[in-house]
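Let's take a walk through this fold, one piece at a time. Keep the viewer open and follow along.

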Amino acid sequence: MTREEPLVAGVDLGSTYTKAAVLARDRIAGTGIRPTVVDLDAAAGGALGDALEEAGVARGALDMVVSTGYGRRAVGVAAHNVDEIYAKATAAKWLGSPWGPVRTVIDIGGQDSKVLRLDEEGALDKFSMNTKCAAGTGRFLEVMARALGVPLEQLGEIGLRSKAPVELSSTCIVMAESEVISLIAERRPVEDIVAGIHRSVAERVGNMAKQLGVLEVVFFDGGPARNAGIKAALERVLGVQLYVPKNPQVSAAIGAALVARDAVRYGKLPDGRPARGAEVASPADAPEGPGAGPGAGPGAGAGAGAGAGARAGAGARAGTGKGTRPEEGGGA
């Protein structure tokens with residue numbers, strides 16, 4: 001395979017799950033998802049192995065692997081690593097949407113939630129994160145599902161059946177769990193409780209998005225994006241339709257693979273440094289991190305411009321929560 005057609009992979013070590021994506025000839029050839037365990041190398045190797053098996057290629061055939069996510073610096077499988085904010089922005093730009101270029105990315109991860117704004121060229125403009133509380137995250141949904149005795153993957157369809165969603169007075173995960181248990185004791189319909197949980201998450205994440213400023217098209221990713229109840233609740237809060245990609249849980253891994261693709265093609269990382277013996281800088285790590293290059297939609301490069309990173313850094317200095325280091329992040 002030529003350098004114009006690199007075979008690369010991205011691995012996203014999230015707080016709950018580790019995801020991998022293999023990119024061949026500018027197409028997603030395979031993906032893999034494994035639970036994140038104490039042995040991060042095992043989790044990364046397992047997810048990557050599953051993606052390679054689906055793609056039908058050997059690990060030794062890969063030109064490069066780039067890691068992302070909270071455990072990105074802790075694994076030996078990758079030659080380089082990139083922060084999750086940059087990876088998600090890169091993936092959203094490349095994946096695009098049927099309705100036009102993506103301008104806002106909403107990600108609900110396992111332990112945090114994020115909102116990203118992209119400029120007209122698809123470069124990262126600014127972002128905001130919630131890392132101080134598990135409310136509005138995949139973890140919140142997991143705890144509530146366990147309290148209800150409902151499989152997590154069934155929450156969406158159950159909540160959509162609600163006629164009278166309950167009001168949860170607490171956003172604290174511990175207090176909300178106690179409140180849900182009390183509602184069960186009051187024999188409130190399960191679907192109404194679930195719908196109330198979805199509304200609580202949607203309001204918390206939606207308010208963060210409104211503070212940053214929502215521009216359409218809005219790209220919704222992360223594991224909870226597969227929950228139709230969460231999607232519907234967020235659309236009501238924001239008053240816009242959300243686009244969910246085919247595999248929203250793997251978007252950061254796809255973004256990391258795109259960084260690897262361009263590093264092989266052009267011999268340098270997004271910040272312009274040689275692609276050998278260097279770590280990818282990021283807008284969350286430094287005020288003048290990398291930004292996506294010009295163009296949008298499938299086939300557009302991951303980019304090597306510094307403008308977007310500078311804008312993200314400026315946002316962090318403005319004190320809006322943008323620029324918080326995302327090492328604690330991950331994906332549901």
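A good place to start is Val 217, which sits in the loop between helix H6 (190–212) and E9. Bear in mind that this is a predicted model. The peptide bond between Glu 216 and Val 217 is cis, with omega at about 10°.

Step from that loop into strand E9 (residues 218–221), and you'll find two bridges linking E9 to E10, with the two strands running parallel. One register point to click on: Val 218 has Leu 242 in E10 as its bridge partner. Both strands belong to an open sheet of five strands, ordered E8-E7-E6-E9-E10, and the pairing there is mixed. At the edges stand strand E8 (124–130) and E10, each pairing on one side only.

Strand E10 also leads to an aromatic contact. The model has two aromatic pairs. In one of them, Trp 99 and Tyr 243 have ring centres 5.7 Å apart and planes at 75°; planes over 60 degrees apart count as edge-to-face, so that's the label this pair gets. Why is the pair worth a look in sequence terms? Trp 99 is in the loop between H2 and strand E6 (104–108), while Tyr 243 is in strand E10 (residues 242–243), so the pair ties together parts that are 144 residues apart in sequence.

Now for the other sheet. This one is open too, with five strands in the order E3-E2-E1-E4-E5 and mixed pairing. Strand E3 (27–35) and strand E5 (80–81) are the edge strands; each has a single partner strand, so one side of each has no neighbour in the sheet. Further in, strand E1 (residues 7–13) pairs with strand E4 (residues 64–69) in the parallel sense, over six bridges. To check the register, look at Val 11, which stands opposite Ser 67 in E4.

Helix H1 (residues 40–55) packs on this sheet and touches E1, strand E2 (17–24), E3 and E4, with its direction making about 145° with that of E3. Helix H2 (residues 84–95) lies across E2, E3 and E4, and runs at about 115° to E4. While you're here, look at the loop between E2 and E3, where Asp 26 is found. Asp 26 has a phi near 60°, a positive value in a residue other than glycine.

H2 has a helix partner as well. Its axis and that of helix H8 (residues 251–266) come within 7 Å and cross at roughly 85°. H2 and H8 are therefore roughly perpendicular to each other. On the H2 side the contact includes Tyr 86, Ala 87, Trp 94 and Leu 95, and on the H8 side Ile 254, Leu 258 and Val 259 are among the residues they meet. Sorted by class, the contact of H2 with H8 comes out at 10 nonpolar, three polar and three charged residues.

What angle do H3 and H5 make? Helix H3 (residues 138–148) and helix H5 (residues 173–185) pack at about 25°, their axes 10 Å apart. That angle is under 35 degrees, so H3 counts as roughly parallel to H5. Their crossing is right-handed. Among the residues making the contact are Phe 140, Val 143 and Met 144 of H3, along with Ile 173, Val 180 and Ile 184 of H5. By class, the contact of H3 with H5 has nine nonpolar and three charged residues, and no polar ones.

Conventions:
Residues numbered from 1 in each chain as written. Predicted model: local features only at pLDDT ≥ 70, side-chain atom pairs only at ≥ 80, totals over all residues. Heavy atoms only, no water. Axes fitted to C-alpha atoms, helices over the stretch in contact; angles between N-to-C directions. Helix = DSSP H or I, 4+ residues; strand = E, 2+ residues; numbered from the N terminus. Parallel < 35°, antiparallel > 145°, perpendicular 65-115°, else oblique. Left-handed = near helix turned anticlockwise from the far one by under 90°. Contact = heavy atoms within 4.5 Å. Nonpolar A, V, L, I, M, F, W, Y, C, P; charged D, E, K, R; others polar. Pairing = 2+ DSSP bridges. Phe/Tyr/Trp six-rings, centres within 6.5 Å; stacked < 30°, edge-to-face > 60°.
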